[in-house]
Structure formats: structure tokens, C-alpha cells
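Reader: Please take a close look at the contact between the two chains, as seen from chain B, and then place it against the nonpolar cores.

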Amino acid sequence: MSKETAVIHPPWLRVTHWVNVVAVVILVMSGWRIYNASPIFPFVIPKEIALGGWLGGAIQWHFAAMWLLAANGLIYLAFNIFSGRLRRKFFSLSPRAIVADLLAALKGKLSHDDLSHYNAVQRAAYLFVIADTIVLVLSGLVLWKSVQFPVLRELLGGYEAARRIHFIAMSALVAFVGVHLVMVALVPRTLVAMIRGR
Amino acid sequence: MLPKKNRPMLANGDRVLKDAFKDVGKYIELPARRAFLQRSMTLGGLALLTGCSITDDESVEAALLTMSRFNDKVQGWLFDPKLLAPTYPESMMTRPFPFNAYYDEDEVREVDAAAFRLEVSGLVADKHAWTLDELHALPQVDQVTRHICVEGWSAIGKWGGVPFATFLRRVGADLGAKYVGFKCADDYYTSIDMATALHPQTQLTLSYDGQTLPPRYGFPMKLRMPTKLGYKNPKHIQAIFVTNNYPGGYWEDQGYNWFGGS
């Protein structure tokens, strides 16, 4: 296959990526409305960007989309692990390589010629967001069912600690999405690749 | 979306007027619900991404409600009747314990203790109405547990009263029935699954922090369940009934999840 027609992202990756976008947008926006019902920090989220209208509506959205996120995430992880892609694309990864690629990126010297190759910063960022989503799901389970998951609850430091973990992990996810979108805007070919696969 | 708006006023003018008032009333009562519908409209962008045509508000609402019913089933399945909610030392109690209801604290109902009778009906052998003295004569236990509100906040309190399973057995309730329903003096109502009703920490609560349950916490009695969210814990209970017909609830009928487990 020539370079032009080589598949960068296999179909399962593209499908799970876009399903994840839908799930994350619903979960984050409805989560903001739920947060506003009893804020744990001295601010509320503007209601214009929150989903659900009222608390009951927001919870309905949140507890519907959580299944989408979890099921889609499991499918993504299963494909990623058992196809060998996770190992191939993301490892090896060293702190030295991350720093070197970060500096190169800031100087505008990082190559994007081969989109099928992730640089060290990308690898670190994508692995981070996978781990962060897992933290969101686990802390979410404690908030949803704190009595039914005692081990998980105690691991996270109890119900109230889980609320804070859930919020901070959400913030990290939103920060990732922000950087991710800027990067896509800088290298628009990546968006085409995530849609068409090449 | 006023369906009667364009209907010509023909013979039965009064009726049309009445319908119109009813429609307006709906919006006055449930402004939040209206906002919920408006907000779901903004999801048009998402609909494009998924390829579905989520244009009909009612179908969105129906889908969300279906998911909520599905979540009821999952929670029923996850619920472990033997698993206890954590208990805490009294030193960790939240003081003052927050007041919470669908109305403000200055509207708390006062119930006359002497005239009070707890009605018991439905699938039970003994339907006699209980006085407070009779309830106090039953074995009492205390528990210090965490109350978790659907809004997210939580608070630790100490409740005392009769284990609800003891009460249900005493009145000869059909323990194989699906639901136990509650009607309250503050016009609140709710219902729970039988498995939770029989949970060892589910309590017909008569006291708070060693004192007679004060009006703001639900005098003369509330149902305290550390395995369910706050809105599932009715206060000012006047009537308890056992049934196989889904009784719903004040918040549940407006969209809160019915099982409301924790």
C-alpha cells in the first residue's frame, strides 16, 4: 500500500472515538448541571452550557450516557489491547522522550508527516486520558452506589472524597479535550484521518 | 407548545377556557421541566454526529425514561440485602443536620401526637391503626449513618426507631410483595422495593440524636434507609401500604430515578 492509502486509524478506533465524543459531551454537560445542585467549590457552571434543564433531567442524561461511555470504553480497550495496537503505538515511552518532544513541539519542530506515528507527548496524553476516564468511571461508581461498592469506596477515601476526585478528573478530561481540539485545528489532516481513516 | 391554542371557540367555550387554564397551569407548576425540554433541543448537534434524528422531544424523554427503568432493574440486581452501609462514631455527626424537603423550613407540618394514628393497609394481615405509644413499645435501635442527597451533598446523623423488617413482620405483611408505599402528612409520597424494606438498616424512625424526632426531621416518624438517597426517605409518614402495583412517588413521578439506591 502506498502512503496515501495506508489506513492510519482502523474502523473500530474511529467508531469508538466518535461514540466516546457523544458520551463525554453528554456526561460532562449533564454532570455540570448535577454539580450546580450542590457545588463543592465556590463557583457554579453557567446553566447555558449545562445539559438537562433541571437536576432530574440532568441525572437522566448522566445515568443513560454512563452506559454508553462504559460499554464503548470496554470495546475500545479490548480491541486496543488484544490487537496489540496499545503496545505498538504507545510503548516505549520515557519521561526523557516526552520532554524532548514537548520542547520540539513548542519550537515548532515536531514532525506530523506520519500521522500513524504518535510522538511521545501524544502517547503520554492519550494514555493519560485513558487512565483519567477509568478514574472517572470508578469514582462515578462510588457516587452512584457507595454502599454497594465498599472496597472501591474505601480505596477512594469515602463518598465525599469520591465527589472531589470525580470533579477533578472531569476537569482534567475537559483540559485534555481543549488541548486536543487546538492540536486538531493546527493539523487539520488529523480530523480527516479520524473520519476517513487515512 | 399549547395544543389547544388554535382550537376555535365553538359551542363549549367554557371547556376550552378550562383546558387553556390547565395548560398554563402545567407550565407554572413545572418551569424546570419546560427548561429540560428546551435544553434537550440543543442536542441537535449531537444528533448529527450519531446519525439519528433526535428531533422529537417526546422520543428523547421516552428514551431517557426507558434508561431510568433499566437503571432501576440494574440497581435491584446490584442491591445486596446483607451488605451494610458504613456506620460512624457520634463525633462525626453533622451539626446541625441540614433540613431538606420540597418546601421551606417555615412550612414544616405540625402533626398532633395524641390524635395521630399510623394507617397500615394493602397486603398485610393486621390492618389496625397504630398509636405512637404502640410503636414506641416495639424494640428500638439507633444507627449513625450517612444521608446522601440526590443533589450530591451528604450528612451524618443518628436515627433511632424500629427496624422496618420487624414492623412488617409484626403486621403480617406479604414479604413477597413488590412494593411498600408511604403517604405523608406533608403530601409527600414515595415507595420502595421489598428487598430494601427488609434490609437490616431500614428503620421506622421515631427519634433523632436521642430526642423525639423533631418536626423538621419528620415528626412523628420517617423511614430511614442508608441504602437509598434522601428523597426515598419519607418524613411525616401517615400511612404505609404493601402492594404489587407500582405506586411511584412525588419526585419519581417528575423524573427522579425510582430505585434511588446508594
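Author: The account below begins with the contact and then turns to chain B and the cores. This is a predicted model, in which local features need pLDDT of at least 70, side-chain atom pairs count only at pLDDT 80 or more, and totals for chains, interfaces and linings use all residues. Residues are numbered from 1 along each chain as its sequence is written, while chains are lettered from A and ligands numbered from 1 in the order in which they are written.

Chain B brings 35 residues to the contact and chain A brings 26 residues; two residues are in contact if their C-beta atoms, placed from the backbone, lie within 7 Å. On the side of chain B that touches chain A, two or more residues come from each of α2 (31–41), α3 (44–50), α4 (57–78) and β2 (141–148) of chain B. Helices (H or I, at least four residues) and strands (E, at least two) are DSSP runs, numbered from the N terminus. The largest share of this side, seven residues, belongs to α2(B). By class, this side holds 18 nonpolar, 12 polar and five charged residues; Ala, Val, Leu, Ile, Met, Phe, Trp, Tyr, Cys and Pro count as nonpolar, Asp, Glu, Lys and Arg as charged, and the others, Gly among them, as polar.

Chain B as a whole contains seven helices and nine strands. Of its contacts with a separation of 6 or more, 66% join residues 24 or more positions apart.

In the largest nonpolar core, of 31 residues, Ile26(A), Leu27(A), Trp61(A) and Ala65(A) touch the most other members. Such a core is a set of buried Ala, Val, Leu, Ile, Met, Phe, Trp, Tyr and Cys residues joined through C-beta atoms within 7 Å, buried meaning that 20 or more other C-beta atoms lie within 10 Å of a residue's own. A second, separate core of 29 residues includes Phe167(B) and Met225(B).

Key: Buried ≥ 20, exposed ≤ 12 C-beta atoms within 10 Å, placed from the backbone.
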